Amino acid sequence: MQRIVYVNGEWLPESEAKVSVFDRGFLFADAVYEVTAVIGGKLIDYAGHAARLKRSLGELGIASPVDADQLLDIHRQIVARNNLGEGLIYLQISRGPADRDFTFPKNPAPTIVLFTQPKAVLANPKVETGISVVTLPDQRWARRDIKTVQLLYPSMAKMEAMRQNADDAWLVEDGFITEASSANAHIVTAEGKLITRSLTSAILHGITRASVLDLARGAGVPVEERAFTLEEARQAAEAFITSASSFVMPVTRIDGEPVGNGKPGPVTQRLRASYIENRLAGAI
Ligand code: PDD
């Protein structure tokens, strides 16, 4: 069954959807994106994703081709048109087509594309065992706070992790963990303190991260937002990642060594349960 995708105001079967070869998203990775989870046909943490999209576009000076109401309407329609119960909505906005030149075009016509990906987000078998990560140098550009489609290095890191029989990579810069290839990285100390990197241009400002930190604080879990070292991660009682596609996912091995007792930790499990309960209740 073909998906119905959204391209520049049109709803089309995926095989008929087309973007110009001159699109700057294609030629220069001059584009931003968002991934929003859908559970029970409803959007999870939508307001956060819409706000970050606006910020990413603003940082690059790309004018949004749709306003806030249209954006929500397109998200709702794509769920309905594809009968999406559980999965992800991928959205991309590029600066649009222009003759190839490093300078930005004078009168850009941004390209907007959305498609759905059905996926069992809740019933992920990895939740029971946790995932394994290997550490790799962070070789991405320095504006990781903008959610651009420059995903070659994260892709390479993921491939290298899989080559090493791991599930994902944690990226390291100057001895400190930045984040995972496509998720934020967190640890819990033996004293039960949640440590997570603070919001700078070194990491993407995760929407799931923000919600989980709110819930942690509300539940009395002490939270420290600061960079942590690889050594601290190795010594941690628990570790986990957060993202729209994994919610809260335990990390139980780092570079082949168990984290804590090698099983998903209690703080991680509580935060996952409370994230799911709270965000499902707030889904739109
Ligand atoms: N990735 N850090 C990076 C580098 C990411 O790519 C992502 C999300 C996150 C988590 O952000 P959020 O909680 O807002 O999803 C952190 C998406 C899911 C992706 O590329 O598929």
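T36 counts as buried, because its relative accessibility is 1%, and the cut-off for a buried residue is under 20% relative accessible area. This value, like every other one discussed here, comes from a predicted model. T36 belongs to strand β3, which spans residues 31-39. Which residues does T36 contact, once its neighbours within four places in sequence are left aside? They are L43, I44, H49, H75, G87, L88 and I89. Of these partners, G87, L88 and I89 fall within the numbering of strand β5, residues 87-94.

A second residue of strand β3 is V38. V38 is also counted as buried, since its relative accessibility is 0%. When residues up to four places away in sequence are not counted, V38 touches L43, V79, L84, G85, E86, G87 and I89. L43, G87 and I89 thus appear among the contacts of T36 and also among those of V38. V38 further illustrates how positions far apart in sequence may be placed in space: A244 is 206 residues away along the chain, and the C-alpha atoms of V38 and A244 are separated by 9.3 Å.

The chain as a whole may now be considered. It contains eight helices and 15 strands. Its radius of gyration is 19 Å, close to the 19 Å that the globule rule gives for 284 residues, and the chain is therefore as compact as a globular protein of that length. Along the principal axes, the C-alpha atoms fill a box of roughly 55 × 40 × 35 Å. Among contacts with a separation of 6 or more, 71% join residues that are 24 or more positions apart.

How much of the chain is buried? Buried residues account for 49% of the 284 residues. The surface that the chain exposes amounts to about 13400 Å², and carbon and sulfur atoms supply 54% of this area. As for charge, there are 31 positive and 33 negative side chains, and the centres of these two sets lie 1 Å apart.

The interior includes a largest nonpolar core of 26 residues. Within this core, I44, L194, F240, F247, L271 and Y275 touch the most other members. At least two core residues come from each of β3 (31-39), β5 (87-94), α6 (207-218), β14 (247-254) and α8 (266-281). The element that gives the most is β3, with five residues. One of the core residues named above, I44, is also a contact of T36.

L194, another of these core residues, deserves a closer look. It is located in strand β11, residues 194-196. L194 counts as buried because its relative accessibility is 0%. Its contacts beyond the neighbours within four places in sequence are H186, I187, V188, L213, A216, V221, P222, V223, E224, F240 and L271. Two of these partners, F240 and L271, are themselves among the core residues that touch the most other members.

E173 offers a contrast. This residue lies in strand β8, residues 168-173, and is partly exposed, with a relative accessible area of 24%. Leaving aside neighbours within four places in sequence, E173 is in contact with D138, R144 and T178. Two C-alpha distances show that separation in sequence need not match separation in space. E173 and L194 are 21 residues apart in sequence and 20 Å apart in space. E173 and T229, by comparison, are 56 residues apart in sequence and 9.3 Å apart in space.

Two residues near the start of the numbering concern the backbone. Where is N8 found? N8 is in the loop between β1 (4-7) and β2 (10-13). Although N8 is not a glycine, it has a positive phi of about 45°. N8 is partly exposed, with a relative accessible area of 42%.

A29 likewise has a positive phi, near 55°, in a residue other than glycine. A29 is placed in the loop between α1 (24-28) and β3, the strand that holds T36 and V38. With a relative accessible area of 21%, A29 is partly exposed.

Definitions and conventions: Residues are numbered from 1 along each chain as its sequence is written. This is a predicted model: local features need pLDDT of at least 70, side-chain atom pairs count only at pLDDT 80 or more; totals for chains, interfaces and linings use all residues. Side-chain values use heavy atoms; hydrogens and water are left out. Helices (H or I, at least four residues) and strands (E, at least two) are DSSP runs, numbered from the N terminus. The radius of gyration is taken over C-alpha atoms; the globule rule is 2.2 Å times the number of residues to the power 0.38. Buried means under 20% relative accessible area, exposed over 50%, partly exposed in between (1.4 Å probe, protein chains only). Contact means heavy atoms within 4.5 Å. Accessible areas come from the Shrake-Rupley method with a 1.4 Å probe; for residues, only the protein chains shown count as cover. Lys and Arg count as positive and Asp and Glu as negative; His and the chain ends are not counted. The place of a charge is taken as NZ of Lys, CZ of Arg, CG of Asp or CD of Glu. A nonpolar core is a set of buried Ala, Val, Leu, Ile, Met, Phe, Trp, Tyr and Cys residues joined through side-chain atoms within 4.5 Å.
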